[in-house]
Amino acid sequence: MDTPLTCRNYIDGKWLTAVAAATLESRNPANKREVIATFPRSAATDVDTAVFAARQAYQSWRLVPAPARAEYIFKVGELLSKYKEELAQLICREMGKPLAEARGDVQEGIDCAFYSAAEGRRLFGQTTPSEMPNKFAMTVRMPIGVCALITPWNFPIAIPCWKAMPALVCGNTVIFKPAEDTPACATKLVEIFAEAGLPPGIINLVHGVGEEVGKALVAHPDVDLVSFTGSSETGAEVGSICGRTHKRVCLEMGGKNAQIVMEDADLELALDGAVWGAFGTAGQRCTATSRLILHRDIKEKFTTMLKERTSKLRLGTGSDPNTEVGPIINERQLQRVSQYLDIARAEGAKVLIGGEIATEGELENGYFFQPTILDEVTPQMRVAQEEIFGPVVALIEVNSFEEAISILNNTKYGLSSSIYTRDINRAFTAMRDIEAGITYINGPTIGAEVHLPFGGVKQTGNGHREAGTTALDIFTEWKTVYVDFSGSLQRAQIDNRE
Ligand code: UN1
């Protein structure tokens, strides 16, 4: 076992010891005896120091030309590429996902760096004719100020990159509050931003617990924007505090994503998608497939195929190249998944396979849950409505395409969705009628790419989309500029009318 990493806060370009004396630790979810890192339980005063530094730095950073700001982010992309393997190994140890997926997590950060860096030479506004003579009208994107980024543990590199990179290119400064489970990944990521040469105060890192550091950031009068990814419950709280304190807020919350398999689908392809969507990252993605809506004509056959494939999935530590399903992040989440199995049984769902905490051999040392298929699920059951965030998929049988769409839409969430069909008319109808931020045709519910908008409708989000050019809408505000070169007062709506 490696020596645990000692994580510190990074404020105003310096690695600091937090004011709070208490120290917390992160552990390997595949081997709970292995401490990966210790990190400070920071206090509100640490948040104050970080916000002060970010505010000071903002005054000069906003004036650095956007292409020059973007060059730092390009450099971060190069460094992420250089350290890709090291970071992937760390993700694997601290968060648990299999190595191939961990490399994907870093790659998503790299993609985001190069994409965001290119935006530094765009950040386009508009010019448009004025209604008055000798007058010019245009719009420009302006930075917002100090941004608090509160991120989850399931994509410990990709998600902070989605937020920090466009925020910085747009001219904001950042305070990053990572999840308690992945402080080492966050520390390494910020080390990379520092190595890229970003001036002091532009990116700051404050470790700690959500109830303390997160809350202090969200309530802080000198924070202008909060970008949060996490549970719907916490998101609602973040949103209400931001509402009361007039902050900009971007919320990415839960999902109850479904994959529809129609009777005309390529079943092998649909099977590959279902297994990857449901059990990839042990179901711990907000985009994970947690419902499979199956047409009755293929239900039995597809269920047999799925059960057979699921029974062969290899659970284990993410660093083992044979592992297909890694651990659950921590004891609390493991118990939560387990409780959902109790709920499923009590509601009358049938556990086709899995359903238990896995303890065979070495698995006993970590937090593993067997890949689980629930059959005979009806659309109103809690396991068909609530986000489980584990390797559990619910099967729902339907009689028609219309019923499939209606059941898919019948949740409070709307992040990702998928349909497997060979019928072009159904595919286009699904694209129109599915209520979700993302719809895949003949692909699983996971696999978003950084240059396209990411986010959801209904209670998944609050109208924003991360990534793609839409990220710029989160991290900038429009300014409308009128330039009157007529040399006289021209009254709009009045002087150009009879
Ligand atoms: C998340 O689960 O919060 O599409 C993000 C995907 C990934 C991103 C997931 N590219 O599954």
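Here is a quick tour of the two biggest pockets in this protein and of the ligand that goes with it. Keep in mind that you're looking at a predicted model. The largest pocket has a volume of about 1,100 Å³, and the second largest holds about 300 Å³ of space. As for the ligand, the protein buries 99% of the area that the ligand exposes when taken alone.

**The largest pocket**

- Let's start with where this pocket sits: domain 1 (5–253 + 461–480) and domain 2 (257–441) both give residues to its lining, so the largest pocket lies between them.
- A total of 41 residues line the largest pocket, and the ones nearest its centre are Trp153, Phe228, Gly230, Ser231 and Thr234.
- If you want to trace the walls, look for helix H7 (210–219), strand E11 (225–229), helix H8 (232–244) and helix H11 (331–347), since each of them supplies at least two lining residues.
- Helix H8 is the top contributor here, giving 6 residues to the lining.
- Chemically, the lining of the largest pocket is a mix: 15 residues are nonpolar, 12 are polar and 14 are charged.

**The second largest pocket**

- This one is lined by 20 residues, with Glu108, Phe155, Arg285, Gly447 and Ala448 nearest its centre.
- Both domains turn up again: domain 1 (5–253 + 461–480) and domain 2 (257–441) each provide at least three residues of the lining of the second largest pocket.
- Two helices to pick out are H4 (99–119) and H5 (158–169), each supplying at least two residues of this lining.
- Helix H4 has the largest share of the lining, with 5 residues.
- Sorted by class, the second largest pocket is lined by 9 nonpolar, 5 polar and 6 charged residues.

**The ligand and its neighbours**

- Around the ligand you'll find Glu108, Asn154, Phe155, Ile159, Trp162, Arg285, Cys286, Thr287, Ile446, Gly447, Ala448 and Phe454.
- Some of those names should ring a bell: Glu108, Phe155, Arg285, Gly447 and Ala448 are around the ligand and are also the residues nearest the centre of the second largest pocket.
- Thr287 uses its side chain, with a polar atom 2.8 Å from an oxygen atom of the ligand.
- Cys286 uses its backbone instead, where a polar atom is 2.8 Å from a ligand oxygen.
- Ala448 also comes in through its backbone, with a polar atom 2.7 Å from an oxygen atom of the ligand.
- Taken alone, the ligand exposes 320 Å², and 99% of that is buried by the protein.

Technical notes: Residues are numbered from 1 along each chain as its sequence is written. This is a predicted model: local features need pLDDT of at least 70, side-chain atom pairs count only at pLDDT 80 or more; totals for chains, interfaces and linings use all residues. Side-chain values use heavy atoms; hydrogens and water are left out. On a 1 Å grid over the protein atoms alone, a cavity is a set of points where a 1.4 Å probe fits but cannot get out, and a pocket is an open set with protein on both sides within 12 Å along at least five of seven lines; lining residues have an atom within 4 Å of a point. Grid points are joined across faces, edges and corners, and a volume is the space filled by probe spheres set on the points. Helices (H or I, at least four residues) and strands (E, at least two) are DSSP runs, numbered from the N terminus. Ala, Val, Leu, Ile, Met, Phe, Trp, Tyr, Cys and Pro count as nonpolar, Asp, Glu, Lys and Arg as charged, and the others, Gly among them, as polar. Domain bounds come from an automatic or database domain assignment. A residue is near a molecule or strand if one of its heavy atoms lies within 4 Å of it. A polar contact is a pair of N or O atoms within 3.5 Å; within protein, one must be able to donate a hydrogen and the other to accept it, and residues adjacent in sequence count only if both atoms are side-chain atoms. Accessible areas come from the Shrake-Rupley method with a 1.4 Å probe; for residues, only the protein chains shown count as cover.
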